[in-house]
Amino acid sequence: MTTDVITTACDVDVVCAFEKLMKNKISSLPVVEDEKLVGIITATDVGHNLILDKYELGTSVKEIMIKPVVTVSPEDDIETAISIMKDGASSGILNQLPVVEDGKLVGIISDGDIIQEIF
C-alpha cells in the first residue's frame with residue numbers, strides 16, 4: 001500500500017479537487033475530516049460531471065463525495081483486498097482501496113500496487 005496518501009477536505013471546491021487529481025496523476029482522492037476518512041471522489045466521476053456541466057459554481061467536495069467508502073484493514077491480506085475491489089463497487093471494479101484503521105486513513109491500495117505485488 002501507499003502510505004503517503006494525497007487527500008482533500010470536505011469544503012474544497014470540486015474544480016480545485018479535480019485539479020489536484022490531474023496534477024498528481026491519481027484516479028481518486030480520499031476525503032478526510034479530523035484525520036478520519038469521510039468520503040472519496042474519483043477523477044472519472046468528477047471529470048465526467050464537469051464536462052456535462054452538472055456542478056454549479058462553488059460546489060464542494062462534500063456535496064459530491066461517495067460515502068460510505070469501501071475500505072480494507074491493514075491486517076487484511078492481498079486476496080481480501082482483491083476480492084473487495086472486485087465486489088465492492090456497484091458500477092464495476094474499484095481501482096483504489098483506502099486502508100483504514102480505527103476510522104483513520106493509513107494508506108491506499110491501487111490496482112497498480114496489486115499488479116506489482118503479484119508480478
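Val99 stands opposite Gly107 in strand 4, a good place to start reading this predicted model. Strand 3 covers residues 96–101 and runs antiparallel to strand 4, with six bridges joining the two. The pair forms a hairpin with two residues between the strands, and in that turn Asp102 has a positive phi of about 55°. Strand 4, residues 104–110, is mostly covered, as five of its seven residues are buried.

Earlier in the chain you will find another hairpin, made by strand 1 and strand 2 with two residues between them. Asp34 sits in its turn and has a positive phi of about 55°. Strand 1 and strand 2 are antiparallel and pair over six bridges, and Pro30 stands opposite Ile40 in strand 2. Strand 2, residues 36–42, is mostly covered too, with five buried residues out of seven.

Here are the two hairpins side by side:

| Strands | Bridges | Turn residue and phi |
|---|---|---|
| Strand 1 and strand 2 | six bridges | Asp34, about 55° |
| Strand 3 and strand 4 | six bridges | Asp102, about 55° |

Which residues does Ser28 touch beyond its sequence neighbours? Ser28 belongs to strand 1. Leaving aside neighbours within four places in sequence, Ser28 is in contact with Leu21, Ile40, Ile41, Thr42, Gln96 and Ile108. Ser28 counts as buried because its relative accessibility is 5%, under the 20% limit.

Now to the nonpolar interior. The largest nonpolar core has twelve residues: Cys10, Val14, Ala17, Leu21, Leu29, Val31, Ile41, Ala43, Val46, Tyr55, Val61 and Met65. At least two residues of this core come from each of helix 1 (14–24), strand 1 (28–33) and helix 2 (43–51). Helix 1 gives the most, with three residues. Apart from this core lies another one, of eight residues, including Val72, Leu94, Leu97 and Ile109. As general background, nonpolar side chains tend to be buried together in soluble globular proteins.

Leu21, one of the residues in the largest core, is worth a click in your viewer. Not counting residues up to four places away in sequence, Leu21 touches Ile26, Ser27, Ser28, Leu29, Ile41, Thr42 and Ala43.

Helix 2 deserves a look of its own. Its buried residues are Ala43, Val46, Gly47 and Asn49, and they pack against helix 1, strand 2 and helix 3 (61–64). Is Asn49, which lies in helix 2, buried or exposed? Asn49 is buried, because its relative accessible area is 16% and the limit is under 20%. Setting aside neighbours within four places in sequence, Asn49 is in contact with Lys54 and Tyr55. Of these two, Tyr55 is also listed in the largest nonpolar core. After helix 2 comes Asp53, whose phi is positive, near 60°.

Finally, let us turn to the surface. Ile82, Ile115, Ile118 and Phe119 make a nonpolar surface patch of about 450 Å². Ile118, one of the patch residues, lies in helix 5, residues 111–118.

Note on methods:
Residues numbered from 1 in each chain as written. Predicted model: local features only at pLDDT ≥ 70, side-chain atom pairs only at ≥ 80, totals over all residues. Heavy atoms only, no water. Core = buried A, V, L, I, M, F, W, Y, C linked by side-chain atoms within 4.5 Å. Buried < 20%, exposed > 50% of the residue type's maximum accessible area, 1.4 Å probe, protein only. Helix = DSSP H or I, 4+ residues; strand = E, 2+ residues; numbered from the N terminus. Contact = heavy atoms within 4.5 Å. Pairing = 2+ DSSP bridges. Patch = residues over 30% accessible without salt bridge, like charges linked within 9 Å, V, L, I, M, F, W, Y side chains within 5 Å. Areas by Shrake-Rupley, 256 points an atom, 1.4 Å probe, with all protein chains shown as cover. Salt bridge = Lys/Arg side-chain N within 4 Å of Asp/Glu carboxyl O.
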